[in-house]
Amino acid sequence: GKGNFPHFMLKEIYEQPTVIGDTLATVLNPASQTVTLPPLPIDFATVPRITISACGTASYAGYVAKYWLEGLARIPVEVDIASEFRYRGAPLPEGGLAIFVSQSGETADTLEALRFCKREGQHILSIVNVPESTIARESDAVILTKAGPEIGVASTKAFTTQLTVFASIAIAAARARGTIDHKREAELASALSEVPGRAAEVLKHDEHIAEIAQTIAKARDVFYMGRGSSFPIAMEGALKLKEISYIHAEGYAAGEMKHGPIALIEDEVPIIMIAPSDALFEKTASNVQEMISRGGKVIFLSDAKGIARMKKQAVPFACIELPAVDPVVAPILYSIPVQLLAYHTAVIKGTDVDQPRNLAKSVTVE
Ligand code: M6R
């Protein structure tokens, strides 16, 4: 049941500290501060390329993973939505690894993409939430997200646990590849192990986010922006808002705005900026300045240091302060405020949050 929560979606958002912890418990060794994955069909030290395929929210987990796997482990990664990938006849390298991500494990396009890769001789790893699902059964290896049943059509806890699994894979791959040393692995393992506690801190901003949602609920169009691994979180935020509040939203790479979409920025347009203090922060801050000078209402998501730095340049409409964390784990935490923002906006609009129109929890038709 929903317990004390008005909707499954809100309950599932609040379960994230617990289920991220449950997922980490299967892959993290706290004593040695290392990642220990179940036996996999490939050796990360020699794998020529990783191909990731999924739909919707699960595909955004794949896009974050690309930044992690390429950045930390220096393995070339290709990510594509399953409904395109499966028909494209993509050339795949001998001995390649194909990873499929799915909460339900039954999504038709993802399953067919898997079968295509199998025929092409790829090693198949899936990240699924339902252990007895078809995708799990047809894979060479499975890493389970321990999210528990997800009832709300809008995926929340499945996404952050998918990210948790991918972060662990990236760390293990980087170790195998020799691209991080033991000290960095221990740092990353400890940053990951702190995510459940940090996620609980993020949830404390719920009321503030509900206030900001009053502004979002009045908008016709909303932009979400970020750079690097924050870019897929921007796309995920926009998807969440679209599917449950029915407000048009777009997720953009912040640096791409000046190549066209900035023409849409005028007075009162809300822009959600995903801006953790990381190597790209200054670039993002200068994009924020551009948005503010065109009248955009920037809702700025960052840590205390980032917010202070931003305010020296231009003052956003609202700021949501997240805990300062290693930039590698930031995407997991920054998912939570965008989920809450979509949730509260939908509640204000009076939509059917758990079962939005035209959507099914599991898309088993092509
Ligand atoms: O069960 P799956 O993870 O394979 O589902 C994929 C998408 O249908 C799903 O993530 C969809 O985009 C969600 N409704 C987004 O909240």
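## The ligand site

Which pocket is the space taken by the ligand? In this predicted model, the ligand's space is the largest pocket. Two elements each give two or more residues to the shell around the ligand: helix H3 (56-73) and helix H11 (230-245). The shell counts 14 residues, and the closest are Ser102, Gln103, Ser104, Thr107 and Glu243.

Now for the polar contacts. Glutamate 243 brings a polar side-chain atom to 2.2 Å from a ligand oxygen. Glutamine 103 works through its backbone instead, with an N or O atom 2.6 Å from an oxygen atom of the ligand. Threonine 57 also uses a backbone N or O atom, this one 3.2 Å from a ligand oxygen. As for cover, the ligand on its own has 410 Å² of accessible area, and the protein covers 91% of that.

## Two helices, checked for length

Helix H10 takes in residues 206-217, 12 in total, and at 1.5 Å a residue that should give a span of 16 Å. Its end C-alpha atoms are indeed 16 Å apart, so the expected and actual spans agree. Which residues of H10 are buried? They are Asp206, Ile209, Ile212, Ala213, Thr215, Ile216 and Ala217. A bit of helix geometry is handy when you look at that list: an α-helix has 3.6 residues a turn, so residues three or four places apart point the same way.

Helix H14 (residues 330-349) has 20 residues and runs 29 Å from first C-alpha to last, close to the expected 28 Å. Of those 20 residues, 17 are buried, so H14 is largely enclosed by the rest of the structure. Right after H14 comes glycine 350, with a positive phi near 75 degrees.

## A buried alanine in H12

Alanine 285 sits in helix H12 (residues 281-293). Is alanine 285 buried or exposed? With a relative accessible area of 0%, alanine 285 is buried, since the cut-off for that is under 20%. Alanine 314 is 29 residues away from alanine 285 along the chain, yet their C-alpha atoms are separated by 8.7 Å.

## Positive phi outside glycine

Tyrosine 246 isn't a glycine, but its phi is positive anyway, near 65 degrees. You'll find tyrosine 246 in the loop between H11 and strand S9 (248-253). Its relative accessibility is 28%, so tyrosine 246 counts as partly exposed.

Asparagine 358 is another non-glycine residue with a positive phi, near 70 degrees. Asparagine 358 belongs to the segment after H14, and at 77% relative accessible area it is exposed.

Technical notes. Residues numbered from 1 in each chain as written. Predicted model: local features only at pLDDT ≥ 70, side-chain atom pairs only at ≥ 80, totals over all residues. Heavy atoms only, no water. Helix = DSSP H or I, 4+ residues; strand = E, 2+ residues; numbered from the N terminus. Expected span 1.5 Å × (residues − 1). Buried < 20%, exposed > 50% of the residue type's maximum accessible area, 1.4 Å probe, protein only. Near = heavy atom within 4 Å. Polar contact = N/O pair within 3.5 Å; in protein donor to acceptor, adjacent residues only side chain to side chain. Areas by Shrake-Rupley, 256 points an atom, 1.4 Å probe, with all protein chains shown as cover. 1 Å grid on protein atoms, 1.4 Å probe; cavity = no way out; pocket = protein on both sides within 12 Å on 5 of 7 lines; lining within 4 Å. Sits in = over half its atoms within 2 Å of the grid points.
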